[in-house]
Amino acid sequence: MKQPTTPASPRRYPEFDRSRLVLEPLAQRKHDLDISCLLPPEGPFPTFHAPAIEPIAQAVWAARADNRAVILMMGAHVLRAGNARLIIHAMEQGWISHIALNGAGIIHDYEFARIGATTESVAQYIRTGQFGLWRETGELNDIIARAADAGLGMGEAVGAAIEASDFPHKEISILAAGYRLGVPITVHVGIGYDIIHEHPNCNGAAIGATSYRDFLRFAAAVETLEGGVLLNFGSAVMGPEVYLKALSMARNVAHQAHRRICHFTTAVFDLVDLPESFHAEAKRGTPGYYFRPWKTILVRTVADGGTSHYVQGEHAETFPALFQAIRRQFQAE
């Protein structure tokens, strides 16, 4: 069969000329969040109760006691909800073995470390076309480009850069902590999703190379998920989709070796109102069917021996509640 060929130059369609863009310094941006939102590991914490919190914490304790994987997948809002110090403490204590972020996660982490603030008003800055076009945030593109040349993953490279910097708040960077502690933090990017993709210095090939390397590292972590735990906080697309492909790869290899990756715990933390019978898929064509964490993380991938839990609530409440429950488990050891 004849294989398709790539059209030759010249380019057939127009492309946006990024050299026309005007970038402004972060000092001119109004920030919606600063480091005062960050919760300290010693508390106090918001009051939150959910029946699933304790069994999830028990599963984390059992997994780490047996040197099994505990993978935390999360959207960037988990950081915006003030949980960075709790995540760093969890890494320091060995409760988490791998963290997977979306592309926005490195932006908020980098801005927090660099200037102690993050998050802009989309409604305000999109009116003048200034949304996302901030000079210092674009430094991430240079880090990523160097990482591609050096054969590094995106999370590893950004963490190393923050750790080596003189940023005034680098102690609250989860990426720097991951690099320092040897806990892999992988970044799973969709091209065009993140504000740094607007910038003139964005290199799509470098983003692809470093994020794909992170995907392979994530898949290697999923290979160790038997007896472990996968936590998905607020990622409705990246989390379930990246996990699904990585699990298929891991199970393919395990099947050839007559091994199974099926006895593990998954947990989804989100705002969606799921029924008590969430262990069965929603009917095709209903809105719930298209909520990927439900059918992928809570049902399909644990159908042959796993256990799943769902916790509904704000990340500013659910993550601290799980953090405290895990700490109680390890203190009782």
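Start by selecting Tyr 212, Leu 216 and Met 249: together they make a nonpolar surface patch of about 280 Å². Such a patch joins nonpolar side chains (Val, Leu, Ile, Met, Phe, Trp, Tyr) within 5 Å, from residues with over 30% relative accessible area and no salt bridge, meaning no side-chain nitrogen of Lys or Arg within 4 Å of a carboxyl oxygen of Asp or Glu. Areas come from the Shrake-Rupley method with a 1.4 Å probe, and for residues only the protein chains shown count as cover.

A quick heads-up: this is a predicted model, where local features need pLDDT of at least 70, side-chain atom pairs count only at pLDDT 80 or more, and totals for chains, interfaces and linings use all residues. Residues are numbered from 1 along each chain as its sequence is written, and side-chain values use heavy atoms, leaving out hydrogens and water.

Now click on Met 249 alone. You'll find it in helix α10, residues 238-256; helices are DSSP runs (H or I, at least four residues) and strands are too (E, at least two), numbered from the N terminus. Is Met 249 buried or partly exposed? Its relative accessibility is 36%, so it counts as partly exposed (buried is under 20%, exposed over 50%, partly exposed in between).

Next, jump to His 188 in strand β5, residues 185-188. His 188 counts as buried because its relative accessibility is 8%. Show its neighbours: among the residues it touches are Ser 211, Asp 214, Phe 215 and Met 238, where contact means heavy atoms within 4.5 Å.

Finally, zoom out: the protein chain has 12 helices and 8 strands.

Technical notes: Patch = residues over 30% accessible without salt bridge, like charges linked within 9 Å, V, L, I, M, F, W, Y side chains within 5 Å. Buried < 20%, exposed > 50% of the residue type's maximum accessible area, 1.4 Å probe, protein only. Lists of a residue's contacts leave out its neighbours within four places in sequence.
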